[in-house]
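Grab a pencil and work through these exercises with the structure open beside you. Try each task on your own before reading its solution.

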Amino acid sequence: MDLWFTEKHSPNSGLTIKVERQICSVKSPFQRIDIFESREFGRFLTLDGYMMLTEKDEFIYHEMICHPAMALRPDARNVLVIGAGDGGVARELSRYQTIETIDVVEIDKAVVEACKKHLPLTAKGFSDPRVRIFFEDGVKFARRAENSYDVIIIDSTDPFGPGEGLFTREFYGSCYAALRENGVMTNQNESPFYENDARAMARAHSRIRANFPVAKLYQAHIPTYPSGYWLFGFASKGLDPVKDLDADRWNSLGIQTKYYNTDLHVGAFALPNYVREMLQNAEK
């Protein structure tokens, strides 16, 4: 008998992956956590039935949520990561020797435990001694962290369930206050393609823009995410993600990546016209 995982991306479309076996299924106080094995994408993690990552394409997401921020602030000493219970963001950040602390705030301890056991390629980020894990609400944590971080990375789930509070105007205001001078924030910002995702994308951008003087979006191709086309947010207290990029400085670090490079960094901020129109409407 063939087993298939299916996630609906709209009422009329979705993603289907043939499953070899189910490795893990846990019901935490916050959500259902499942890890499957597939021939095409390797192991993959779902939360409440929604795709979070696959071993085959997770490098795209994790590199693109981390390195654009760090390329603007390669001197960052203290980094806050909200969400990211799979460890992939911590893994990418651990490549930077200048970082002194990587604070990961994940509300669901069961996600971290499941990923450490079954997704070691991403969860190995937690083994860096600079990583400190706080199992608590990221909204409340950010509220207490005034003027404490050089970079904030928000690796949230979609804007419902445990991740809903990470898309509010109040939360983004707390992140602004938590950043030091020239601080930078990046976040996953949904997809502009399907109607529901596009509304969430525009709403998040509008709320970030209300708090930050610099707020822009950039893009990446992630095959297992809805439509395969995903957006990330870049916000800062003054640094422009393209004009203030010192490509030579980042390249001199010698960080080996599979997707990100400084040419791609510049191009990722060049958005299609239909997305530009959505953002113009959201910014009115």
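## Exercise 1: Around histidine 67

Keep in mind that this is a predicted model. Leaving out residues up to four places away in sequence, histidine 67 touches Glu92, Arg95, Tyr96, Trp250, Ile255, Thr257 and Tyr260.

**Task.** Work out where histidine 67 sits, whether it is buried or exposed, and which side chain it joins in a polar contact.

**Solution.**
- Step 1: Find the element. Histidine 67 is part of helix α1, which covers residues 58-72.
- Step 2: Check the accessibility. Histidine 67 has 0% relative accessibility, so it counts as buried. The cut-off for buried is under 20%.
- Step 3: Look for the polar partner. The side chains of histidine 67 and glutamate 92 are joined by a polar contact of 2.8 Å.

## Exercise 2: The two sides of a helix

**Task.** Find the buried residues of helix α6 (residues 169-178) and explain why they lie on the same side.

**Solution.**
- Step 1: List them. Phe171, Tyr172, Ser174, Cys175 and Ala178 are the buried residues of α6.
- Step 2: Look at the arc. These residues cover only 155° around the axis, which puts them on the same side of α6.
- Step 3: Recall how a helix turns. An α-helix has 3.6 residues a turn, so residues three or four places apart point the same way.
- Step 4: Flip to the other side of α6. Arg169 and Glu170 are exposed there.
- Step 5: See what does the covering. The cover over the buried residues of α6 includes β7 (78-83), α5 (138-143), β10 (149-155), β11 (179-188) and α7 (195-209).

## Exercise 3: Nonpolar cores

**Task.** Which residues of the largest nonpolar core touch the most other members? Then follow leucine 93 outwards.

**Solution.**
- Step 1: Pick out the best-connected members. In this core of 64 residues, Leu45, Met70, Val79, Val81, Val89, Leu93 and Phe232 touch the most other members.
- Step 2: Ask who contributes. Helix α1 supplies the largest share of this core, with 10 residues.
- Step 3: Zoom in on leucine 93. Beyond its neighbours within four places in sequence, leucine 93 is in contact with Cys66, Met70, Val79, Val81, Ile99, Ile102, Arg130 and Ile153.
- Step 4: Don't stop at one core. There's a second, separate core of 23 residues, and Leu80, Val139, Cys175 and Ala178 are among its members.

## Exercise 4: How a helix starts

**Task.** Describe what happens at the start of α3, and name the buried residues of this helix.

**Solution.**
- Step 1: Go to the start of α3. A side-chain oxygen of aspartate 108 comes to within 3.1 Å of the backbone nitrogen of alanine 110.
- Step 2: Walk along residues 109-118. Ala110, Val111, Val112, Ala114, Cys115 and His118 of α3 are buried.
- Step 3: Name their cover. For the buried residues of α3, it includes β3 (21-27), β4 (32-38), β5 (42-47), α4 (120-123) and β9 (131-134).

## Exercise 5: The whole chain

**Task.** Decide whether the radius of gyration of the protein agrees or disagrees with that of a compact globule.

**Solution.**
- Step 1: Get the expected value. For 284 residues, a compact globule would have a radius of gyration near 19 Å.
- Step 2: Compare. The protein has 18 Å, which agrees.
- Step 3: Add the burial. Of the 284 residues, 57% are buried.
- Step 4: Count the elements. The protein has 10 helices and 13 strands.

Notes:
Residues numbered from 1 in each chain as written. Predicted model: local features only at pLDDT ≥ 70, side-chain atom pairs only at ≥ 80, totals over all residues. Heavy atoms only, no water. Buried < 20%, exposed > 50% of the residue type's maximum accessible area, 1.4 Å probe, protein only. Helix = DSSP H or I, 4+ residues; strand = E, 2+ residues; numbered from the N terminus. Arc of directions from axis to C-beta. Contact = heavy atoms within 4.5 Å. Polar contact = N/O pair within 3.5 Å; in protein donor to acceptor, adjacent residues only side chain to side chain. Core = buried A, V, L, I, M, F, W, Y, C linked by side-chain atoms within 4.5 Å. Rg over C-alpha atoms; globule rule 2.2 N^0.38 Å.
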